[in-house]
Each structure stands twice: as C-alpha cells, then as structure tokens.
Amino acid sequence: MSVSTGEWVVQPDGSRTYVVGKASAAPAVSYAAPPAPQPVAAGASSGPSSSYKPLVRGTPGPQADMLARHSTHIYDDAAMSATVPSAVFARHRENLRTGAPTSTEDQKALAEGIFKWSRKLGATSFAHWFFPNRGGGGAMGGRCGSLKYDLFADLVWKSDSPIKPFEEAFPADRLFVGETDGSSFPNGGLRVTHAAAAFTTWDRGSPPFVHDGVLYIPCAFITHLGTSIDCKTPLLRSSDAVNRQCMRLLKAMKKEPKATICHNYLGWEQEFFVVPAALYRARPDLVNCGRTLIGSLPTLHQQGELHYFAPVPLRVQELMTNIQEKMLAVGNPMTVKHNEVAPGQHEMSPIFCVSNASADSNVFFMQVATEEATKLGLVVLFHEKPFKGINGSGKHCNWSVGTDTGVNFFHPGKTADSLEIYVAGIACLAHGLRKHNELVRCAVAHAGNDHRLGAQEAPPAIISLYPGPNFEAHVDSIIGGGPLTGLNTEKTMVDPRSRNTMAVPAGVEDRNRTAPFPHCGNRFEFRAVGSSQNCSMPVATCNVIFASGCSALASLLEGGMSLRDAVAKMFRDNREVIFTGNGYSKEWPVEAAKRGLPNLNTTPLAARTFNTYQAKAIFKEMGIFEDEEVDARAELMFEDYCTILNTEAATLIKMIETGILPACAKDLATYKDAPFLAGDRMDTYKNIKFENDRLKDLVSVHHHDLEAEAFYLCETVKPQMETVRALVDKAEGLMQAEFYPYPTYEALCYSHHT
C-alpha cells in the first residue's frame, strides 16, 4: 500500500483543499477541508459536542451551499434587531406578547428598516399577502395566497410642480394596512358590490420576506365592519383564546407562575404528486379539477410498497432540492423529503414553529413548488385524490401548545407538575373533541377530502382521540379514583439482537395511522387535514376546542374542586371520544355510533352542523366569530362544494363526448371484418353513451338553495359520475392503446422517473 503525501492549498474563495499525491501514477485527489468552527455567542450552549457548529447567517460566496445561505431573505428577529433601534425592537417584541398597537413613531422606524433591508436584496415591490376563504381543492393555482404588487414608490409631496416627481419610498401605513375589494372574494354574503370595502393588516407575528424581487407581508383580511373573510384571522383569534384559557388554567392549577404567555405550534407534513407538465395539459380533468375523473391503474402501482422511501427519481429530486433552497432562503428549513407510498407521490416537511407563521410557510411552499415545477416541465398536484385506487395525499398537522417557560401541555416531562399538566391537557382536549366533535370534522370537510378520508392510510371521518393504550388505561384508573401521576412515561428499549446495532429507545405508545388525532410523544397529529387545504382553519379549530376544555377545567378548579377530581370528571364525561383501536375496522363505525360519535362521511353532512346554536356559542365564547361570520362560512362550505362538483361533472361530460366516444367509434370500426373478436365492446361503448346522457340530464337540474344543491350533487350526481367512470375505465382496458385519447395513469405516474 503506497503512502500518501500532500498539502493544504488555499483556494481563491478562501476555502482550503488537501491535495494528495501518491507514488503511483494515479491522479491527485483533493478533499475539501471542513469549515472552521463558527463562534458561539457569549452565554450560548455549544451544543451536544465540541464539534457542533451552529448555522449562522451571512453573505457567503457563490460556492457556499444552501445551508450556508439560509434565512437571507426573511425579516425575522435577527434581521429586525440589526436594522431598527434596539428600543424599537424591544417594544415590537413586547407588543406581540401583550397585543398593544405599534406606535406611530415605531411604525415609521420598522417601515424604514424593512424598506432598506429589502432593497438591498433587490426588492422593487411589496405586496400584502392574504388568504381568502377558498376552501380545499386541487385545481392549479386556486388555493394559494392572494396579493397585488405595489412599487416602492411615492410622489414627492413637497414638490410644487403640478406634475410631481416620484421617489423610492415605503410609507409606514403601507406596511401595516392595505385596502381592497372584499366582494370579489368568497365571503358568504358579508360583502356585496355596493358595500365592498375590505382591509389587509400585517400579522406582526409572521415575518415578511423577499421572493423574486417582492417583499411579501403576511396579512389578515377583514371587512369594513371587522368581520373575517379569510383563513388567517380565525387562527390569530384562536391563538389569543388558547393563550387566555391556558394561562387561566395554569393559575387555577397553581402551576408555572413564571409563565407569561402560551403559544400554539404547527409542524406540517405536505404530501403531493408530481407529473409531467405536457401530460398534465393533455388531461382536462387535471387542469380543471386537480384530479383524474377517469383512468385505470397500471398493473404495477403501489403493491409491495416499492416506491415508499425509495431513491427519489432524479427530476423530482432536482425539483425538491430547488424547493428546499428557496424555502431555506426565507427561513423555512424543509428538513425532510422522501418518496411516499404511491408512484409519483412525495412528501416534504419543515421544522415546526408558531402556528400562524407555519401556516403561512405552507401556503408559500405550495406556491414555490408550483413555480419550480414549471421550470422543470413538471406539475405538482396538491389534490387529495388525484388518482383513484392508490393513496391520496394529506397534510398532517402536528400541533402542540406550550408556555414561554418551556412547559408543553402534550408532553409528560420529568416532574410531577409537568405530568399533571400533561394529564390535564389531554383531559381538556378530550372535552373539546367530545363536545365540539362536528367542528373538528368541518375543519377538514371539502370535496377533495371526501375521496380520501377512511381509505388507504387516511383516517376515517369519525373524529376520535388517540392518546395511546397505556394512557387510556391511565384514564380509566383516574376515573376509578387513581392519582393523576400514576402513569409510567419511561421509554422502553427495543433490542435488535445484533452486536452491530444498539438498542432503540421506543416511545411509550405505538403509532396509530388509522386515528384522526393521535398523540405523537410531544404533540397531537391532526391527520385528517387535506393536502390542498390552508392549515389555518384546522389548527384554529384545534385551538378553539382545546381552549374550551381549558376553560371548563379552570371553572371546576375555580369552583373549589380538587385537580384530581376535576380531571377525573372531565375524563368521565368525555370517555367516549377516546379510542385506541383500529379506525379502519368494520366494527368501529358501529361502536362509534353506540358512543354517540357522529360519522359525517360527506362534506354536506358536515357543513350543515357548522352553524348550529352550540357551534355559534363556542365560537363567540372564545372570541373567534360572531354569528354572522359562522353563517357566512357555512354558506361558503356549501358553495365551494357545489362549485367543485359542478365543475367535475361538466368536465367529465365533455371528456366523454369529445374524447372517449370518438375513440370508442374508432376502436369498434377495427372489428368490422371480424365482429366475433369485438367481445362486449359494443355493449360497453353504448352504455357509456347512455350513462353519460343520463349524467347530462341530472346536471341540468338546479336548486336555488345551496344546501339542497350540495346534497343533490353528493347523493345523485356524484354516484352517476362513478357509474360513467366505471364504464370508461373498462373501455380503456378494451380499446387499442393508440385510440385512448388521454395520457394514462401509467404515463402520468412513471414517465418522468427515467
């Protein structure tokens, strides 16, 4: 074996490489030197080992990788503290904690700081970025945030010229407030053309960022009368409700006296499909509806889970890496990316953060994914069920609540106090899920998700709570008079029984993928959320039900009941909602009905429960909605459902008449000299025409009431669409491949993998 010799060489960009020379004729090999350790701020932990190097922002050279370029385009605390006076920064942080308004002088200082910072990044425009009530759906571009672009310019008002010159400018009021037409956005009757004013207002807890030369300012969207017509406002209001009721509960429990605020957190897991753009454009159903209305599975699809966690196809890997880099630049580290179970399906997810900023980052992710896919000749599908027969896509929302002192309501911790808070927290959640079960179902109810819930790893439409079998036994112990702290929270060690491997610390509870609301160690995972949805309303609903439970428990304690007895009462009164079995079993719907848990398995069934007296009462009590806002959202749920179903039916009819029937005629003509080979083609093709004509007749029936229209579409039109589809999918397996007029499932799912 030859001995290597070499030396460190300093490159022009300042990096170092070690050039190795050998006695043999083999070429020299260079190895990049590890970067020098970064300095650690005074008083900060150096991490788990001496080799730990924290990520620090800077202006690295072009050779630096995406991690070295992270957070360069987000106006977070680090950027703000570097661009405004320290007193302004401190007051801004305090205002976020207390809800106090930003003073006029501080508004000017913040606007000036953001303006100078964003201009250095090349921004020439700004946009108030808000999130209208567009429901869930997978049609291209239909569910992203809304914005208009305003140039960083204003008139020189002190000029005495009749044609005043303009200059670069960003007045403070343009950072904090905007005005637009509210009547052209979905609003459920809260805005009309002759009373249309609506306003955007900066969510000060969600940092602005620069993307493609535009400063994005995350905003709430309210009407002239202060009513919400967006997704963000209820989330912000619910965050305030959680803070109020959690702090009240901690005081009543005599716990955590140093806590000053409770935050709620969100970590989302975004699933999606990727297909070639050319094939996407050749499918009218994908373009108009976001899902295929016809199409049969290839012979190999997801059997054997061959796709799950397999190496990502190169074109998709490039796409996800590009998305990852864009998201890192605005301070959103997409730490996980992988293949999902179905062919063509993938997932990316970030590190969690406070819910309002995290929900915004998810909407931005969907925008960036769409933009970056276009550059590569691909399309990202966010619909919950783009392809029949294989897994659909969800957006699992990992949600938790904790104090600024580090206490997590959903983690047992290591002390008796933290364990009591944990047990009380789950009691509050059980109360909320049992008393307001329908609201949680409504939070994930829309046409796309109806195709997904209850099948292929999606949870059922029955909303239950999964704290784990061990905790369920602990609940029964508490109900029977046992202590709150009798729960064993020690992790077990799983032995792989190999000298090459170490024992694995396993969680106290197993993972249940059939549960809509399972506990995952330090959080609950709302698995029923659809992949196309904005996270805001599902998380707002979690906040509302949890706040209602905290309020109920605090009232018992304030009335003089002991903590043990109060928690036992909460569990006893809501025991039915706790279920740790198989949510896919045939027995569960029967058992759920016995427990009094609703099974609202379609959107219309769920939507009509949204504006009940009980729902309005809890929304008002928690400060989320007034009655008219609840009614408006119920109307929008029906309206959105009707729009989607009517669009799908019209698209299917057109695809049959302009594509499938002509293809059937061509295929049948090839058998004119050998009719005995045609088999049942004639009958199948005739039935397609007959059933499609029947679908046209059904679609022609209209109702003046949105709720009646939604139920008619769900119970009459939708089944007929399935009848037509079954015949068309049979025909696809009969006719010559060259005659089939649309790209097949096989081409859509696989052709971009090579």
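**Charges, core and cysteines**

Tutor: In this predicted model, the protein chain carries 72 positive and 80 negative side chains, and the centres of the two sets sit 3 Å apart.

Student: What makes a side chain count as positive or negative here?

Tutor: Lys and Arg go in the positive set, Asp and Glu in the negative one.

Student: Okay, and why is the chain called as compact as a globular protein of that length?

Tutor: Its radius of gyration is 29 Å, and the globule rule gives 27 Å for 754 residues; those values are close, so the description fits. The chain holds 22 helices and 20 strands, and buried residues make up 52% of the 754.

Student: Why is C219 called buried?

Tutor: The cut-off is under 20% relative accessible area. C219 has 0%, so it counts as buried. C442 comes in at 6%, so that one is buried too.

Student: How do you know that C219 isn't in a disulfide?

Tutor: A disulfide needs two cysteine sulfur atoms within 2.5 Å. The closest cysteine sulfur to that of C219 is in C231, 14 Å away, so it's too far for a bond. For C442 the closest is in C542, at 13 Å, again too far. By this rule the count is zero disulfides.

Student: Which residues of helix α15 are buried?

Tutor: In α15 (residues 563-573), they are L563, A566, V567, A568, M570 and F571. Their cover includes α5 (232-253), α10 (416-435), α13 (469-479) and α14 (536-558).

Key: Residues numbered from 1 in each chain as written. Predicted model: local features only at pLDDT ≥ 70, side-chain atom pairs only at ≥ 80, totals over all residues. Heavy atoms only, no water. Helix = DSSP H or I, 4+ residues; strand = E, 2+ residues; numbered from the N terminus. Rg over C-alpha atoms; globule rule 2.2 N^0.38 Å. Buried < 20%, exposed > 50% of the residue type's maximum accessible area, 1.4 Å probe, protein only. Charge placed at Lys NZ, Arg CZ, Asp CG, Glu CD. Contact = heavy atoms within 4.5 Å.
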